[in-house]
Amino acid sequence: MMLAEKTSITKEFELFDRMSEHEQVVFCNDPSTGLRAIIAIHNTTLGPAIGGCRMQPYASVEEALEDVLRLSKGMTYKCAAADVDFGGGKAVIIGDPKTDKSPELFRAFGQFVNSLGGRFYTGTDMGTTMDDFIHAMKETNFINGLPEAYGGGGDSSIPTAEGVLYGIKATNQFAFGHDDLSRQIYSIQGLGKVGFKVATKLLEAGARIYVTDINEESLRAIEEVAGRTTGSVQIVASEDIYSQEADLFIPCAFGGIINDATIPQFKVKAIVGSANNQLLDDRHGKQLRDRGILYAPDYIVNSGGLIQVADELYGINHERVLAKTKHIYDAILEVYKEAEYSGKTTEESANAMCERRIAERGKRNNFYSAPMKPKWAIRNLS
Ligand SMILES: NC(=O)C1=CN([C@@H]2O[C@H](COP(=O)(O)OP(=O)(O)OC[C@H]3O[C@@H](n4cnc5c(N)ncnc54)[C@H](O)[C@@H]3O)[C@@H](O)[C@H]2O)C=CC1
Ligand SMILES: O=C(O)CCC(=O)C(=O)O
């Protein structure tokens with residue numbers, strides 16, 4: 001009887017249990033534009049939440065909620081690792097980016113962001129572009145990553161790709177004793193905004209790369225780049241990318257690609273890529289460690305974009321952003337050394353480092369208050 005009561009109570013409050021680590025989850029509904037979005041604020045100890053807005057034709061509310069909860073939590077760790085004065089948040093819009101976008105939809109989304117009064121800053125992510133946020137910014141100032149013509153920092157995939165290259169160099173240093181990009185072989189999944197730039201730099205350095213993408217145009221374009229460089233490229237089928245005889249696997253497409261099916265296929269010594277949430281589950285981090293495959297925590301490797309959008313609030317300065325992005329090299333090396341010393345996985349070591357940082361800062365500032373004047377000079381907000 002007691003158990004039955006307990007079970008039913010747990011079921012009644014299942015939604016709250018699922019988001020028990022989150023401060024706030026906002027469901028945004030605007031029938032006139034068709035907007036259905038969820039904004040998740042995970043933790044604002046370090047400052048207002050920040051995180052891009054993803055647009056995807058999610059099959060259910062359940063799937064969209066799962067994604068936004070996971071991604072926003074990842075942003076809390078990413079902000080702590082990058083040492084920016086922001087907390088973790090993320091937004092998802094349920095819809096097909098090819099057919100369901102309209103200026104009105106993004107204006108409606110901007111109104112919801114504005115209603116949070118500065119607790120949440122957002123910008124582009126998969127499925128959204130800077131142009132979409134030109135509409136959203138008409139309704140709110142809490143938008144980052146705008147085009148340079150609108151006073152923003154421009155394409156944040158540039159520093160993200162730079163950060164991935166620093167992560168690769170640090171990994172080469174730790175695993176192979178040098179940080180020369182040209183001497184190892186790489187397999188790259190995804191030649192989008194980030195992956196294409198990383199592949200180009202590796203080819204320019206003279207490296208051998210294997211690549212895959214579902215977009216034929218990107219594959220032809222990277223072959224053209226290879227023809228102009230001393231590097232070489234081989235195109236492989238999507239399902240074959242995990243089993244290539246390469247030294248490093250560079251995932252730059254989607255999350256969850258380190259899982260029970262892919263781990264036995266890997267022949268690489270290390271995985272260093274930009275995709276968010278690469279480990280399907282924590283136990284996959286342990287499986288990689290047990291197989292002697294070094295894993296560079298994704299949220300450190302791909303933090304270059306966050307560093308740019310966070311830095312944007314001090315005014316635009318690409319040199320400063322690049323200088324900050326260089327810290328990814330040291331951060332990755334530190335995590336590898338700490339994991340080696342402690343026997344933890346690299347993900348566990350990185351998480352512990354971030355949690356210590358948040359707890360330390362939390363002693364002074366444990367909840368961001370919107371009316372408090374921000375430290376930085378945000379445009380039009382003083
Ligand atoms: N753009 C940025 O600054 C940041 C990106 N990331 C993450 O990095 C990853 C890549 O981001 P972007 O380059 O901006 O995205 P994107 O959408 O420009 O590129 C993704 C690429 O993956 C390809 N792709 C999709 N399915 C595939 C499959 N089955 N096999 C092979 N390729 C496939 C697509 O055709 C596309 O070229 C995403 O997971 C994103 O969340 C993380 C932090 C910042
Ligand atoms: O683009 C942003 O607003 C923050 C960066 C972000 O969402 C990410 O790094 O995944």
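1. How many of the 8 residues of helix H11 (residues 304-311) are buried? In this predicted model, 8 of the 8 are buried, so helix H11 is largely enclosed by the rest of the structure. The residues concerned are Gly304, Gly305, Leu306, Ile307, Gln308, Val309, Ala310 and Asp311. Their packing partners are strand E3 (49-50) and four helices, namely H3 (61-82), H6 (157-176), H12 (318-325) and H13 (327-342). Val309 of H11, itself buried, also belongs to the set of residues around ligand 2.

2. The surroundings of ligand 1 comprise 23 residues, and the closest are Thr160, Lys193, Val194, Asp213 and Ser274. By class, this shell contains 8 nonpolar, 11 polar and 4 charged residues. Helices H6 and H7 (193-204) each contribute at least two residues to the shell. Helix H6 is thus named twice in this note, as it is also among the elements against which the buried residues of H11 pack.

3. Three contacts to oxygen atoms of ligand 1 deserve mention. A polar side-chain atom of Thr160 is placed 2.7 Å from an oxygen atom of the ligand. For Asp213, a polar side-chain atom likewise lies 2.7 Å from an oxygen atom of ligand 1. With Ala253, the atom involved is a polar backbone atom, at 3.0 Å from an oxygen atom of ligand 1. Of the 830 Å² of accessible area that ligand 1 has on its own, the protein covers 80%.

4. Around ligand 2 are Gly51, Gly52, Met75, Lys78, Lys90, Gly123, Thr124, Asp125, Asn144, Asn276 and Val309. This shell divides into 2 nonpolar, 6 polar and 3 charged residues. An N or O atom in the side chain of Lys78 is 2.7 Å from an oxygen atom of ligand 2, and an N or O atom in the side chain of Lys90 is also 2.7 Å from an oxygen atom of this ligand. For Asn144, the distance from a polar side-chain atom to an oxygen atom of ligand 2 is 3.2 Å. The protein covers 92% of the 290 Å² of accessible area that ligand 2 has on its own.

5. Does the geometry of helix H4 (residues 103-115) agree or disagree with the expected span? At 1.5 Å a residue, its 13 residues should span 18 Å, and the end C-alpha atoms are 19 Å apart, which agrees. The buried residues of H4 are Leu105, Phe106, Ala108, Phe109, Gly110 and Val113. In general, an α-helix has 3.6 residues a turn, so residues three or four places apart point the same way. The cover over the buried residues of H4 includes strands E1 (24-30), E2 (35-43), E4 (53-56), E5 (87-94) and E6 (120-121), together with helix H5 (130-136). Just after H4, Gly117 adopts a positive phi of about 60°.

6. Is Ala81, a residue of helix H3, buried or exposed? Its relative accessibility is 16%, and since the cut-off for burial is under 20%, Ala81 counts as buried. Leaving aside residues up to four places away in sequence, Ala81 touches Tyr299, Ile300, Met353, Cys354 and Arg357. One of these, Cys354, is 273 residues from Ala81 in sequence, yet the two C-alpha atoms are 5.7 Å apart in space. Helix H3, which holds Ala81, is also among the elements packed against the buried residues of H11.

Conventions. Residues are numbered from 1 along each chain as its sequence is written. Chains are lettered from A and ligands numbered from 1 in the order in which they are written. This is a predicted model: local features need pLDDT of at least 70, side-chain atom pairs count only at pLDDT 80 or more; totals for chains, interfaces and linings use all residues. Side-chain values use heavy atoms; hydrogens and water are left out. Buried means under 20% relative accessible area, exposed over 50%, partly exposed in between (1.4 Å probe, protein chains only). Contact means heavy atoms within 4.5 Å. A residue is near a molecule or strand if one of its heavy atoms lies within 4 Å of it. A polar contact is a pair of N or O atoms within 3.5 Å; within protein, one must be able to donate a hydrogen and the other to accept it, and residues adjacent in sequence count only if both atoms are side-chain atoms. Accessible areas come from the Shrake-Rupley method with a 1.4 Å probe; for residues, only the protein chains shown count as cover. Ala, Val, Leu, Ile, Met, Phe, Trp, Tyr, Cys and Pro count as nonpolar, Asp, Glu, Lys and Arg as charged, and the others, Gly among them, as polar. The expected span of a helix is 1.5 Å times one less than its number of residues.
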